[in-house]
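Here's a quick tour of a protein with a ligand. We'll look at the ligand's surroundings and then at some charged pairs. Have the 3D view open as you read.

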Amino acid sequence: MHNPTVTPENKGPLTMQEALLKTDLGDNKLFATGKVRDIYAVDPANPNSDLLFIASDRISAFDHVLGSGIPDKGRILTQISLFWFDFLKSVVPNHVITSQVEEFPASFAPFSRQLEGRTMLVRRAQMFPVECVVRGYLSGSGWKDYQATGAVCGIKLPSGLRESDRLPKPIFTPAAKINTGGHDENISFDQVVEAVGEEYAHKLRDLTLAIYAKASAYAASKGVILADTKFEFGLAPDQAGTPTILLADEVLTPDSSRYWPADQYAPGGPTPSFDKQFVRDYLESIHWNKQAPAPSLPDDVVSRTREKYMHAFSLLTGRENL
Ligand code: PZK
């Protein structure tokens with residue numbers, strides 16, 4: 001399968017086989033790029049203007065963006081985020097203004113084919129410099145830290161826990177954002193207090209745990225374990241002008257969360273996550289040294305991975321189609 005770059009303006013259909021690897025919105029100004037997402041400024045002259053948050057079809061593994069994209073991955077993840085933003089709106093307000101391309105500012109209209117289904121117009125917030133991670137199960141860096149110290153982010157855990165075990169109760173395990181592609185670093189609650197103050201630290205922790213409780217109960221009812229996830233919050237004025245905490249970024253996607261199929265759950269070892277297992281298995285099979293340049297993926301790995309993302313989308317949203 002090839003992944004030709006989509007031409008910037010709307011010329012011909014974006015076929016199912018094409019992955020959107022790079023956004024190109026003409027003269028619209030890029031505000032930030034991540035490994036798989038791009039943010040554009042709506043009105044670069046206005047430091048408070050809204051942002052356009054776009055999920056590409058890029059996929060990362062072992063900390064590298066791979067040479068192939070997964071067709072529709074950005075759409076699938078955006079629709080999962082939108083589902084959860086709506087599901088959680090009684091718990092926390094969010095940054096989404098609209099995901100309807102027709103409601104975007106006019107300068108983006110010529111690029112609707114790139115944007116459709118994968119883009120959110122969002123309110124600009126003052127982002128808290130903390131990744132709000134919550135873990136209900138012991139995996140990843142939580143498992144590493146527990147093995148080394150018996151604690152995660154300063155939270156002492158019972159002895160004798162195994163990898164992938166469910167925790168006695170979910171824990172808030174914040175991380176500091178490391179800018180240059182490095183791994184986020186787990187920090188203590190006291191370090192969150194130092195970064196954002198006592199009041200916001202408590203609010204962020206309580207919100208993170210409340211969102212996890214509601215979302216993980218829902219996921220469990222669909223046969224999916226939400227092992228852990230990461231939220232990003234920001235501050236923006238409400239109607240009265242009072243600074244209010246908003247849930248921002250993407251939420252509860254397979255890229256920001258560990259989702260495990262409940263029927264395959266087996267503590268005592270690593271649990272393969274829903275989405276990237278074929279990708280990781282393939283990369284291990286070719287003995288890639290995990291240094292740039294990252295390889296491309298064979299067509300069957302791409303299409304089976306796409307099916308995994310679609311399956312997660314269907315289970316969580318109850319919808320068959322994007
Ligand atoms: C914002 N990021 C992280 C995500 C990137 C970077 N609503 C907002 N207001 C202000 N800033 C941000 C958001 C959001 N969401 C988020 N950086 C800034 C990020 C995706 C791609 F390049």
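Let's start at the ligand: there are 15 residues around it, and Ala32, Thr33, Gly34, Arg123 and Ala125 come nearest. Keep in mind that this is a predicted model. After the ligand we'll turn to the salt bridges, which number 17 in total.

**Around the ligand**

- What mix of classes does the shell around the ligand have? It has eight nonpolar residues, three polar ones and four charged ones.
- His95 reaches the ligand with its side chain: one of its polar atoms there sits 3.1 Å from a ligand nitrogen.
- Arg123, already met among the nearest residues, uses its backbone instead, with an N or O atom 2.8 Å from a nitrogen of the ligand.
- Asp249 also joins in through its backbone, where a polar atom is 3.1 Å from a ligand nitrogen.
- On its own, the ligand has 470 Å² of accessible area, and the protein covers 86% of that.
- Which elements give two or more residues to the shell? They are β1 (29-33), β2 (37-41) and β3 (51-55).

**Salt bridges that link distant parts of the chain**

- A bit of background first: side chains of opposite charge can pair when their charged atoms come close.
- Lys73 pairs with Asp255 in a salt bridge, and their closest N and O atoms are 2.8 Å apart.
- Those partners are 182 residues apart in the chain: Lys73 belongs to helix α1 (residues 73-87), while Asp255 sits in the loop between β16 (243-248) and β17 (257-261).
- Is Lys73 buried or exposed? Its relative accessibility is 1%, so Lys73 counts as buried.
- Asp255, at 26% relative accessibility, counts as partly exposed.
- Another pair is Asp228 and Arg135, whose closest N and O atoms are 3.8 Å apart.
- This salt bridge joins two strands, with Asp228 in β15 (residues 224-237) and Arg135 in β9 (residues 130-137), 93 residues apart.
- Both Asp228 and Arg135 are buried.

**Another pair and a network**

- Arg75 and Asp72 form a salt bridge through their side chains, at 2.9 Å from N to O.
- Arg75 has a relative accessible area of 16%, which is under 20%, so it is buried.
- Asp72 is at 10% relative accessibility, so Asp72 counts as buried too.
- Asp249 turns up again here: together with Arg37 and Glu250, it is part of a network of salt bridges.

Technical notes
Residues are numbered from 1 along each chain as its sequence is written. This is a predicted model: local features need pLDDT of at least 70, side-chain atom pairs count only at pLDDT 80 or more; totals for chains, interfaces and linings use all residues. Side-chain values use heavy atoms; hydrogens and water are left out. A salt bridge is a side-chain nitrogen of Lys or Arg within 4 Å of a carboxyl oxygen of Asp or Glu. Buried means under 20% relative accessible area, exposed over 50%, partly exposed in between (1.4 Å probe, protein chains only). Helices (H or I, at least four residues) and strands (E, at least two) are DSSP runs, numbered from the N terminus. A residue is near a molecule or strand if one of its heavy atoms lies within 4 Å of it. A polar contact is a pair of N or O atoms within 3.5 Å; within protein, one must be able to donate a hydrogen and the other to accept it, and residues adjacent in sequence count only if both atoms are side-chain atoms. Accessible areas come from the Shrake-Rupley method with a 1.4 Å probe; for residues, only the protein chains shown count as cover. Ala, Val, Leu, Ile, Met, Phe, Trp, Tyr, Cys and Pro count as nonpolar, Asp, Glu, Lys and Arg as charged, and the others, Gly among them, as polar.
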